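Colleague: Could you walk me through this one? I'd like to hear what the labels rest on.

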Amino acid sequence: MSMFCYQCEQTAGGKGCSSFGVCGKDPETAALQDLLLYGTKGLSMYAYRLRKLGIQNHSWDIFVIEALFTSVTNVNFDPQRIQTLLQRLSNLMIEARNQYEAQSKEKLMGPAEWMAATTLNDLVRAGEQVGVEQRMKKLGEDRTGLQELLLYGLKGMAAYADHAKILGYEDDDVYAFFHEALDFLTHENPGLDSLLAMVLKCGEVNLKVMALLDKAHTSTYGHPQPTSVRITPKKGKAILVSGHDLKDLEELLKQTEGKDISIYTHGEMLPAHGYPKLKKYNHLVGNYGGAWQDQRKEFEEFPGAILMTTNCIQKPKDSYKARIFTAGLVAWPGVRHIQNRDFTPVIQAALDAPGFAQDIPEQTITVGFGHEAVMSVASKVVEAVKSKAIRHFFLIGGCDGAKPGRNYYTQFAEAVPKDCVILTLACGKYRFNKLNFGNIGGIPRLLDIGQCNDAYSAIQIAVALAKAFQTDVNKLPLSMILSWFEQKAVCILLTLLYLGIQNIRIGPSLPAFVSPAVLNVLVDKFHLTPIRTPQEDLKAILG
Ligand code: SF4
Ligand code: SF3
């Protein structure tokens with residue numbers, strides 16, 4: 001059985017995973033995910049048209065974002081769970097089709113005709129017929145690549161929309177765009193210009209989604225405050241929480257109160273320590289480990305239970321398979337899944353595990369520089385730039401991954417001159433966030449803005465600086481050095497391009513789905529540049 005997937009940065013040979021996913025996705029799961037996306041496009045074909053007729057259905061909206069998020073890299077590896085989703089999709093599709101056919105004589109074709117087969121085997125066979133490669137034969141690599149760029153942008157955006165929805169924040173215009181864009185992806189013969197326009201529109205709508213999620217986080221948990229976070233363990237029972245879902249963390253904190261269990265954040269959960277309504281829990285004791293790709297070693301060594309709330313899960317080792325749990329849309333075959341945020345099994349696993357035998361001497365890092373915290377010292381920052389105490393800002397952010405080329409980001413951060421400030425966000429910061437960068441006149445040289453979705457904060461900060469200096473963001477002494485791995489980084493990049501941000505440096509390698517012709521367009525229009533060496537890039541930026 002073969003497969004084809006080139007949606008993430010670690011894709012095999014920089015071209016595509018064709019026999020087994022480097023991430024651990026098997027061909028069966030790959031085919032089921034392809035089918036899920038194909039059918040979801042069909043559902044959106046109806047939802048898009050019915051909305052124009054004044055008919056909408058919240059279950060269709062929710063399904064679409066959950067299906068897209070499910071197929072993000074390192075989220076769901078469980079064929080059974082995807083089969084259940086396909087069955088639900090089939091039912092929603094029948095409902096949407098009936099409603100549309102009651103309103104219109106138009107008979108929709110292609111993905112809109114899809115119906116789920118009953119056996120897993122038949123679903124897999126159907127999935128094999130609707131992958132990227134089939135379209136590539138018809139449309140060629142440029143247009144297929146642009147379609148995939150849009151689809152991956154939608155996947156990333158769906159993850160953020162899902163997080164916001166979980167906290168009760170939704171926007172109907174966003175759902176409308178998901179259906180519009182997925183319907184667009186079913187067009188038989190799309191033009192390059194219309195594809196590019198839709199890709200940038202995805203960036204525009206993603207800005208809205210990130211703003212919505214920022215509002216959801218800050219309204220629910222308060223604005224992040226600069227906070228010192230312990231990065232060494234304390235004696236006692238322990239639970240490690242990974243991923244981006246703050247609601248899962250909050251519920252776990254409530255359910256473990258008074259139970260003498262320490263809660264540690266992992267990966268993208270680190271910024272949680274900055275939120276007033278989360279940091280108030282004394283048993284949220286610190287952060288453990290590094291970025292997602294180190295988890296198999298770190299989870300093995302962690303003497304407690306582990307909870308994966310969103311991406312990025314890797315194949316669990318037998319040594320910790322019984323004490324790792326998934327929640328939300330994350331799934332791995334044979335790993336226990338938490339329903340309805342009842343964390344009883346996680347708590348029991350933590351109590352059954354040995355816990356840390358002793359306190360390790362305290363070491364800390366500082367997080368919590370969201371837009372409010374940075375804005376509150378804006379005048380100091382502006383003054384420091386005017387007096388030339390600060391020469392330049394570097395936003396070094398994005399995903400982490402396993403490739404050796406990612407040392408670039410550590411070396412770059414280390415080589416940044418002492419009169420420059422580094423802003424960072426997302427899990428790529430684990431490459432350098434434990435180094436001591438010192439400060440410039442009391443302003444820390446390393447400002448951790450938060451999770452990948454807090455790119456919204458970075459944008460707010462850049463816009464505020466541009467306003468203070470009465471200039472355009474592109475003329476600020478600010479350079480963006482981004483690392484990508486999965487599809488959330490894709491939607492953020494699209495937002496930056498939509499905002500007209502120029503000269504972004506991106507690495508560690510270029511996406512396999514961006515063809516040379518499309519890359520030329522991005523380079524011409526946005527001066528998007530692949531990273532070279534830290535020395536060459538610093539020289540080019542600072543002169
Ligand atoms: Fe390969 Fe990435 Fe797709 Fe996994 S998600 S199969 S690693 S391209
Ligand atoms: Fe990291 Fe997966 Fe992308 Fe949220 S957690 S940034 S890779």
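Modeller: Sure, starting with ligand 1: 13 residues surround it, and the closest are C5, C8, C17, C23 and T73. Before we go on, this is a predicted model, so local features need pLDDT of at least 70 and side-chain atom pairs count only at pLDDT 80 or more, while totals for chains, interfaces and linings use all residues. Residues are numbered from 1 along each chain as its sequence is written, chains are lettered from A and ligands numbered from 1 in the order in which they are written, and side-chain values use heavy atoms, with hydrogens and water left out.

Colleague: What makes a residue count as near a molecule?

Modeller: One of its heavy atoms has to lie within 4 Å of the molecule. By class, the shell around ligand 1 has 7 nonpolar, 5 polar and 1 charged residues. Here Ala, Val, Leu, Ile, Met, Phe, Trp, Tyr, Cys and Pro count as nonpolar, Asp, Glu, Lys and Arg as charged, and the others, Gly among them, as polar.

Colleague: And which residues surround ligand 2?

Modeller: H244, E268, W292, N311, C312, C399, A426, C427, C452, F485 and E486. That shell divides into 7 nonpolar, 2 polar and 2 charged.

Colleague: Why do you say that ligand 2 lies between domain 2 and domain 3?

Modeller: Because domain 2 (227-352) and domain 3 (378-542) both give residues to its shell. The bounds come from an automatic or database domain assignment, which also gives domain 1 (12-219). The C-alpha centres of domain 1 and domain 3 lie 30 Å apart, and 33 residues of domain 1 are in contact (heavy atoms within 4.5 Å) with 27 residues of domain 3.

Colleague: Why is the pair of F299 and Y320 called edge-to-face?

Modeller: Rings of Phe, Tyr and Trp (its six-membered ring) pair if their centres lie within 6.5 Å; planes under 30 degrees apart count as stacked, over 60 as edge-to-face and the rest as tilted. The centres of F299 and Y320 are 5.7 Å apart and the planes stand at 85°, so edge-to-face it is. This pair links distant parts of the chain, with F299 in helix α10 (residues 295-301) and Y320 in helix α11 (residues 318-321), 21 residues apart. Helices (H or I, at least four residues) and strands (E, at least two) are DSSP runs, numbered from the N terminus.

Colleague: How many aromatic pairs does the structure hold?

Modeller: 18. Ring pairs also link F4, Y6, Y152, W484 and F513 into a cluster.

Colleague: T410 is in helix α15 (residues 407-415); why is T410 called buried, and Y38 partly exposed?

Modeller: Buried means under 20% relative accessible area, exposed over 50%, partly exposed in between (1.4 Å probe, protein chains only). T410 has 17%, so it is buried, whereas Y38, at 23%, is partly exposed. Not counting residues up to four places away in sequence, T410 touches R431 and F432, while Y38 touches G110, P111, W114 and V130. Y38 sits in helix α1 (residues 27-52).

Colleague: What covers the buried residues of α15?

Modeller: Y408, Y409, T410, F412 and A413 are buried there, and the cover includes β9 (392-398), β10 (420-425), β14 (478-483), β15 (505-507) and α19 (534-542).

Colleague: What makes a set of residues a nonpolar core?

Modeller: Its members are buried Ala, Val, Leu, Ile, Met, Phe, Trp, Tyr and Cys residues joined through side-chain atoms within 4.5 Å. Of the 155 residues in the largest one, L154, F178 and I239 touch the most other members. Helix α7 (residues 192-221) gives the largest share of this core, 14 residues. A second, separate core of 18 residues includes A238, Y264, F302 and I306.

Colleague: Which backbone details would you flag?

Modeller: Most residues other than glycine have a negative phi, and most peptide bonds are trans. The bond from N311 to C312 is cis, with omega near 15°, and the one from G507 to P508 is cis too, with omega near 0°. R341 and Q470 are not glycines, yet R341 has a positive phi of about 50°, and so does Q470.

Colleague: Is R341 buried, exposed or partly exposed, and what about Q470?

Modeller: R341 counts as partly exposed, at 25% relative accessibility. Q470 has a relative accessible area of 76%, so Q470 is exposed.
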